[in-house]
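Trainee: I should like to understand the terms used to describe this structure. May we go through them one at a time?

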Amino acid sequence: SAVLSGVARAARGGVLVKGGAALETLGRVSAIAFDKTGTLTEGKPYLTDIKPAPGVDETELLTVAVAIERSSDHPLAAAIVRDGAAKLGDANVPVPEAVESITGKGIQGRIDGALVQIGKPGLFDASAAPMPSELRLAVGNLESSGRTVMVVRRGARYLGALGVMDTERASAKNAIGELRRLGIRRMVMLSGDNQRVADAVAANIGLDQAMGSLMPDEKVVAISALRSEAGGVAMVGDGVNDAPALAHANVGVAMGAAGSDVALESADVALMADDLKHLPFAVGLSRQTSRIIQQNLWVSLGVV
């Protein structure tokens, strides 16, 4: 009866809990891992910097980037398409072919037969065509200023880099404080972004640790390490790349309104509103439910 009451109360508060086991487990965890984009940040980034490579003009860089990124549903791609198209105005944007995602690293496609790759700088580390030193310096400066950087290459020719910035959720800092008051001892961020960007966001919000430049399978490894914490670990995320980590955590929590179908299917708890303040509510309710269950057990034992 306590579990049913807790699940019903969670639903009225905008939290979907998939059964009593998830409710009780969430009340026991002492560590929580967060995805960054769309969870701790708004997931509505904007294009802030356009850095063409030597010998490339801004229009060519933006035209190629917008053409390829139109086929992606990632928030970073949406920012490049929206803000890049606004800068291009009436410029003609070609239609690419064979566009496909490079999991955790970027996207690629073909324009007029030439292979175009857009992604994080690490995508090009093992390339036979090294990044020009001027462009690498620009990438380092953008990363130091907290930008998420996407490098654009067409064939063997580097066109430049784009800097994108996301804003932290207004409710994130308060939610972290509430979770600490509820007894969560360790909170970390798992991000595919570079380490410098991850560290900056984690410091502003008040997290204990940030792990950057992680691929989806590396997030699973990080979750496996955190499962040794007392009571286990909860993972909070919203995207397709978070689904393996959500499934591997003791409790997976999906940001419902912004979450993908895959993330919602993999999670044990869904925050139906796109607001982190529902997370402390869910954890507090879970702990209160567990206390009532223990109270009922002691009372029933006393009666017997």
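Trainee: Which residue in E11 stands opposite Phe34?

Mentor: Val236 of E11 stands opposite Phe34. Please keep in mind that this is a predicted model.

Trainee: What makes E2 and E11 a pair of strands?

Mentor: Two strands pair if there are at least two bridges between them. E2 and E11 are joined by 4 bridges and run parallel, so they meet that requirement. E2 also pairs with strand E9 (residues 186-190), in the parallel sense, over 5 bridges; there Phe34 stands opposite Met189.

Trainee: Why is E2 called mostly covered?

Mentor: A residue counts as buried when its relative accessible area is under 20%. In E2, 5 of its 5 residues are buried. Ala31, Ala33 and Asp35 lie on one side, with Ile32 and Phe34 on the other, and both faces of the strand are covered.

Trainee: Where does E2 belong in its sheet?

Mentor: The sheet is open, has 7 strands with mixed pairing, and follows the order E1-E13-E12-E11-E2-E9-E10. E2 therefore has its place between E11 and E9.

Trainee: Why are strands E1 and E10 said to stand at the edges?

Mentor: Strand E1 (15-17) and strand E10 (209-211) each have a single partner strand, so one side of each has no neighbour in the sheet. From one strand to the next, the twist averages 20°. For E1, the pairing is with strand E13 (residues 269-271), antiparallel over 3 bridges, and Val17 stands opposite Val269.

Trainee: Which strands does helix H2 touch where it packs on this sheet?

Mentor: Helix H2 (residues 20-28) touches E1, strand E11 (233-237), strand E12 (251-255) and E13. Its direction makes about 95° with that of E12. Values from 65 to 115 degrees count as roughly perpendicular, so H2 and E12 fit that description. Helix H12 (residues 278-303) also packs on the sheet, touching E1, strand E2 (31-35), E11, E12 and E13.

Trainee: How do you know that H1 and H12 are roughly antiparallel?

Mentor: Helix H1 (residues 2-12) and H12 pack at an angle of about 165°, with their axes 9 Å apart. Angles over 145 degrees count as roughly antiparallel, and H1 and H12 are therefore described in this way. H1 passes H12 in a right-handed crossing. Among the residues making the contact are Val3 and Arg9 of H1 and Leu285 and Ile292 of H12.

Trainee: Which residues have the most contacts inside the largest nonpolar core?

Mentor: They are Phe34, Leu179, Leu207 and Leu279, in a core of 35 residues. Leu279 touches Phe34, Leu179, Val236, Val253 and Leu271, leaving aside residues up to four places away in sequence. A second, separate core has 26 residues, including Leu62, Ala65, Val81 and Ile107.

Trainee: What is the strand order in the open sheet of 6 strands?

Mentor: The order is E3-E8-E7-E6-E5-E4, with antiparallel pairing. Strand E3 (46-52) and strand E4 (97-102) stand at the edges, since each has a single partner strand and so one side without a neighbour in the sheet. Within this sheet, neighbouring strands are turned by 20° against each other on average, direction ignored.

Trainee: What makes E6 and E7 a pair?

Mentor: At least two bridges are required, and strand E6 (residues 114-119) has 4 bridges to strand E7 (residues 148-154), in the antiparallel sense. They therefore pair, and Ile118 stands opposite Val152 in E7.

Note on methods. Residues numbered from 1 in each chain as written. Predicted model: local features only at pLDDT ≥ 70, side-chain atom pairs only at ≥ 80, totals over all residues. Heavy atoms only, no water. Helix = DSSP H or I, 4+ residues; strand = E, 2+ residues; numbered from the N terminus. Axes fitted to C-alpha atoms, helices over the stretch in contact; angles between N-to-C directions. Contact = heavy atoms within 4.5 Å. Core = buried A, V, L, I, M, F, W, Y, C linked by side-chain atoms within 4.5 Å. Buried < 20%, exposed > 50% of the residue type's maximum accessible area, 1.4 Å probe, protein only. Parallel < 35°, antiparallel > 145°, perpendicular 65-115°, else oblique. Left-handed = near helix turned anticlockwise from the far one by under 90°.
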